[in-house]
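Visitor: I've got a model to look at, and I'd like to know what stands behind the words people use for it. Can you walk me through it?

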Amino acid sequence: MVACPNENDVRGCLTIIAQTETSGRTYAESLEKAWNILTDTNPFPSTCGRVCPHLCQSDCNRGEKDG
């Protein structure tokens, strides 16, 4: 999130979706909540996702965990 120019909370989105069943939500509800998280900081997440230069990848801790 720190390296993202839009400061998108990708971890928050993924957490909402991953916890769908344990929180008693439907997948549609979880996807809507995740969408709302993205649109809090970015009004055009679909468009930006297509043209994003992925500046966050160099700071991502997943590289240390699994590449």
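Guide: Here is a short round of questions and answers on this structure.

Guide: First, the ground rules: this is a predicted model, where local features need pLDDT of at least 70 and side-chain atom pairs count only at pLDDT 80 or more, while totals for chains, interfaces and linings use all residues. Residues are numbered from 1 along each chain as its sequence is written, and side-chain values use heavy atoms, with hydrogens and water left out.

Visitor: What makes up the secondary structure of the protein?

Guide: Four helices and zero strands, running α-α-α-α from the N terminus. Helices here are DSSP runs of H or I with at least four residues, and strands are runs of E with at least two.

Visitor: Where does cysteine 13 lie?

Guide: In helix 1, residues 10-18.

Visitor: Why does cysteine 13 count as buried?

Guide: Buried means under 20% relative accessible area with a 1.4 Å probe, protein chains only (over 50% is exposed, in between is partly exposed). Cysteine 13 has 7% relative accessibility, so it counts as buried. Of the 67 residues of the protein, 15% get that label.

Visitor: Which residues is cysteine 13 in contact with, leaving aside its neighbours within four places in sequence?

Guide: Ala34, Ile37 and Leu38. Contact means heavy atoms within 4.5 Å. As for leucine 31, 18 residues away along the chain, its C-alpha atom is separated from that of cysteine 13 by 8.3 Å.

Visitor: How much of the contact picture is long-range in sequence?

Guide: Taking contacts between residues at least 6 apart in sequence, 38% join residues at least 24 apart.
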